Amino acid sequence: YDGPFSDHIVSQEPRGLTGENLTPEKAREKVRQFIGADRVSEIKDAGRNNSGPLKTYSYDVTLKNVSEGQKINIGVTQKGGHVVWMLYNRPVTEKKLSVEQAKKAGLEFLEKKGFKDMVDTYYLTEDNIATINYAYKQDNVVVYPDLIKLKVALDTGEITGMEAKGYIMAHTKRDIPEPKITEEEARNKINPRLEIKSSGLAIIPTNYKKELFCYEFKGKINNRDFLIYINAETGEEEDILIIVNTPN
């Protein structure tokens, strides 16, 4: 589990799916461009998925000048050729970069691939790889449903994994209203024992396919980290999450 709302898909219809329906050959070209034509030795079809809201083509990609077993497995949407997932199974044997450097490498990668206005939210490090969540930010509001997860190798900063299902399902420009209550009023709804570390505005998903516009408060009680969401329009407490901190 890697951060709040990290495995939440809200809408039934993918709002971020644009472009025309592609043949497997045209989608293969999108894969070649995404990975970099100069790096690719061969792209083989690895099947297709025609069910569900995101219909995909899968490919196994062999890279130039790397050992035989290290391939990239990638899935792109049949409509538009958007990358839904990508996994490069190369071993990462040492850690040279800090998490901050990895976050920066991830942001640069997203920017280059056309994902604008993304911010990192949570991360987990394991086996010299950082898995980092990036959410879309619109008008200073963090939009949690529009989520992309990246795996960043801590030896070189190379992106070895990507999962963009949340972003493709949810991403759209939103009509964000002015909050009907002030941050101070929202803060007064919270247990006064919570030592608030930071606050801001966020859009969060729900289990009933609706998004909520909230104040997000991060804080501590008894040395435990909490996230509390107060509806910015009604003042209702919508969600409370406990962050479990581990060495990773």
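## Ala153 and its surroundings

Let's start with Ala153, which is buried in this predicted model, with a relative accessible area of 0%. Ala153 sits in strand β7, a strand that covers residues 141-153. Leaving aside residues up to four places away in sequence, Ala153 touches Arg90, Val92, Leu97, Asn128, Ile129, Glu158 and Thr160. For a sense of distance, take Phe109: the C-alpha atoms of Ala153 and Phe109 are separated by 13 Å, with the two positions 44 residues apart along the chain.

Thr160 is one of the contacts of Ala153, and the listing works from the other side too, since Ala153 is among the residues that Thr160 touches. Thr160 belongs to strand β8, residues 159-163. With a relative accessible area of 2%, Thr160 is under the 20% cut-off and so counts as buried. Again skipping residues up to four places away in sequence, the contacts of Thr160 are Met86, Leu87, Tyr88, Arg90, Ile129, Lys151 and Ala153. Arg90 and Ile129 turn up in both sets: they touch Ala153 and they touch Thr160.

## Thr56 in strand β2

Another threonine worth a look is Thr56, found in strand β2, which runs over residues 56-63. Is Thr56 buried or exposed? Thr56 is buried, at a relative accessible area of 3%.

What does Thr56 touch, not counting residues up to four places away in sequence? The list reads Arg48, Asn49, Val76, Thr77, Gln78, Val84 and Trp85.

## Aromatic pairs

How many aromatic pairs are there? The count comes to three. In one of them, the ring centres of Phe34 and Phe109 lie 5.9 Å apart with the planes at 85°, so this pair is edge-to-face. The pair ties together distant parts of the chain, with Phe34 in helix α1 (residues 24-35) and Phe109 in helix α2 (residues 99-112). The two residues are 75 residues apart. Phe34 is buried and Phe109 is buried as well.

Phe115 and Tyr167 make up another pair: their ring centres are 5.1 Å apart and their planes meet at 90°, so this one is edge-to-face too. Here as well the pair links distant parts of the chain, 52 residues apart. Phe115 is in the loop between α2 and β5 (118-126), while Tyr167 is in helix α3 (residues 165-170). Both Phe115 and Tyr167 are buried.

## Positive phi at two aspartates

If you like checking backbone torsions, look at Asp117 and Asp139. Asp117 isn't a glycine, yet it has a positive phi of about 60°. Asp117 is found in the loop between α2 and β5. At 48% relative accessibility, Asp117 counts as partly exposed.

Asp139 also has a positive phi, of about 50°, without being a glycine. Asp139 is placed in the loop between β6 (129-138) and β7 (141-153). With 60% relative accessibility, Asp139 is over the 50% cut-off, so it counts as exposed.

## Out at the C-terminal end

Thr246 falls in the segment after β12 (237-243). At 46% relative accessibility, Thr246 is partly exposed. Measuring stick in hand, pick Tyr59 as a partner: Thr246 and Tyr59 are 35 Å apart in space, C-alpha to C-alpha, and 187 residues apart in sequence.

## The whole protein

Zooming out, the protein has four helices and twelve strands. Its radius of gyration is 20 Å, close to the 18 Å that the globule rule gives for 248 residues, so the protein is as compact as a globular protein of that length. Along the principal axes, the C-alpha atoms fill a box of roughly 60 × 40 × 25 Å. Of contacts between residues at least 6 apart in sequence, 54% join residues at least 24 apart.

Buried residues account for 48% of the 248 residues. The protein exposes about 13200 Å², and carbon and sulfur atoms supply 46% of that area. As for charges, there are 36 positive and 38 negative ones. Their mean positions are 4 Å apart.

Key: Residues numbered from 1 in each chain as written. Predicted model: local features only at pLDDT ≥ 70, side-chain atom pairs only at ≥ 80, totals over all residues. Heavy atoms only, no water. Rg over C-alpha atoms; globule rule 2.2 N^0.38 Å. Buried < 20%, exposed > 50% of the residue type's maximum accessible area, 1.4 Å probe, protein only. Contact = heavy atoms within 4.5 Å. Areas by Shrake-Rupley, 256 points an atom, 1.4 Å probe, with all protein chains shown as cover. Lys, Arg positive; Asp, Glu negative; His and termini not counted. Charge placed at Lys NZ, Arg CZ, Asp CG, Glu CD. Phe/Tyr/Trp six-rings, centres within 6.5 Å; stacked < 30°, edge-to-face > 60°.
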